[in-house]
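The exercises below concern one model, shown next. Each has a task sentence, followed by a solution in steps.

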Amino acid sequence: MTLLVHDVTLTYPDGDGRLTALDHVSLEVPAGTLTAIVGPSGSGKSSLLAVAATLVTPDSGAVVVAGRETTRMGAAEKSALRREKIGIVFQQPNLLASLTAVEQLQVMAHLSGRPSRQLRRRALELLDAVGLADKADKRPHQLSGGQRQRVNIARALMNEPTVLLVDEPTSALDHERGAAVLDLLVTLTRERSTATVLVTHDHAHLDRMDRAATITDGRLVQNPDPVVAA
Ligand code: ADP
Ligand code: MG
């Protein structure tokens with residue numbers, strides 16, 4: 001199992017008490033499959049992604065990434081694992097204004113200490129994979145919202161992650177562009193064998209996903225069967 005979240009509980013300080021954001025949550029995501037997490041605002045979706053990304057350590061439970069249990073790792077070990085194994089796509093594509101599309105990707109890999117030769121070629125190959133071969137030299141302000149989100153996704157794939165975590169990637173896009181981004185994520189998941197988790201508050205397009213889980217007040221129910229209808 002490429003990503004395994006087992007019996008995770010996460011609380012945040014809340015006045016004199018604690019707010020339970022994740023309540024004994026378990027989730028298994030095999031390589032090459034995409035699981036959608038659906039739930040209302042404030043239900044714990046982003047908290048679940050943050051835990052799966054090893055950005056937040058849960059109060060209890062286990063988070064296993066590529067066969068390694070992470071909750072007792074030190075900060076340096078976790079950040080190395082994150083760099084090598086986990087691609088994260090946040091809701092807003094936080095691209096650097098002064099860099100071209102291909103440079104956004106090259107910077108990502110450069111930071112993680114890969115040799116710089118071949119980086120540009122790999123970046124161009126990924127931009128091609130997300131349908132932006134002709135936009136490599138454009139800066140963010142020269143791209144549409146959908147195109148920026150595609151750069152964001154390509155950037156997350158630069159280090160060949162085994163786990164891909166995506167938070168509401170279509171919320172800033174219209175229906176058609178949103179559907180195209182979801183199609184792209186399904187294709188990339190298959191081609192690159194990532195264990196992909198896609199958070200959305202939108203029930204549309206769920207029929208394209210391998211599995212769906214619903215989260216309500218921090219409690220997650222995973223449907224083990226392929227999604228038939230939203
Ligand atoms: P969603 O992504 O589904 O909207 P979140 O995971 O962001 O939900 O939030 C779940 C709950 O945890 C909400 O009640 C939210 O207010 C609370 N919460 C989220 N992050 C924090 C934080 N850093 N500190 C305190 N409470 C938080
Ligand atoms: Mg959220």
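α1 is followed by T54, which has a positive phi near 65°; helices (H or I, at least four residues) and strands (E, at least two) are DSSP runs, numbered from the N terminus. The model is predicted, so local features need pLDDT of at least 70 and side-chain atom pairs count only at pLDDT 80 or more, while totals for chains, interfaces and linings use all residues. Residues are numbered from 1 along each chain as its sequence is written, chains are lettered from A and ligands numbered from 1 in the order in which they are written, and side-chain values use heavy atoms, with hydrogens and water left out.

**Exercise 1. State how many residues of α1 are buried and what follows for the helix.**

Step 1. Fix the term: buried means under 20% relative accessible area, exposed over 50%, and partly exposed in between (1.4 Å probe, protein chains only).

Step 2. List the buried residues of α1: K45, S47, L48, L49, A50, V51 and A52.

Step 3. Conclude: 7 of the 8 residues of α1 are buried, so the helix is largely enclosed by the rest of the structure.

**Exercise 2. Describe the shell around ligand 1.**

Step 1. Collect the residues with a heavy atom within 4 Å of the ligand. They are Y12, L19, A21, P40, S41, G42, S43, G44, K45, S46 and S47.

Step 2. Sort the shell by type: 4 residues are nonpolar, 6 polar and 1 charged. Here Ala, Val, Leu, Ile, Met, Phe, Trp, Tyr, Cys and Pro count as nonpolar, Asp, Glu, Lys and Arg as charged, and the others, Gly among them, as polar.

Step 3. Assign the elements: β2 (17-29) and α1 (45-52) each supply at least two residues of the shell, and α1 gives the largest share, 3 residues.

Step 4. Read off distances to oxygen atoms of ligand 1. A backbone N or O atom of G42 is at 2.7 Å, a backbone N or O atom of S46 at 2.9 Å, and a polar side-chain atom of S47 at 2.6 Å.

Step 5. Compute the cover: ligand 1 taken alone exposes 570 Å², and the protein buries 60% of that. These areas come from the Shrake-Rupley method with a 1.4 Å probe; for residues, only the protein chains shown count as cover.

**Exercise 3. Derive which strands stand at the edges of the sheet.**

Step 1. Use the pairing rule: two strands pair if DSSP finds at least two bridges between them.

Step 2. Take β1 (residues 3-14). Its antiparallel pairing with β2 has 9 bridges, and its antiparallel pairing with β4 (residues 60-65) has 5.

Step 3. Locate V5 of the pairing: its bridge partner in β2 is L27, and in β4 V5 stands opposite V63.

Step 4. Inspect the hairpin of β1 and β2: 2 residues lie between the strands, and G15 takes a positive phi near 60°.

Step 5. Write the order: β2-β1-β4-β5, an open sheet of 4 strands with antiparallel pairing. β2 and β5 each have a single partner strand, so they are the edges and one side of each lacks a neighbour in the sheet.

**Exercise 4. Decide whether T70 is buried or exposed, and find its contacts.**

Step 1. Place T70 in the loop between β5 (68-69) and α2 (75-85).

Step 2. Apply the threshold: T70 has a relative accessible area of 2%, so T70 is buried.

Step 3. List contacts (heavy atoms within 4.5 Å). Leaving aside neighbours within four places in sequence, T70 touches T54, V63, V65, K78 and L81.

Terms used. A polar contact is a pair of N or O atoms within 3.5 Å; within protein, one must be able to donate a hydrogen and the other to accept it, and residues adjacent in sequence count only if both atoms are side-chain atoms.
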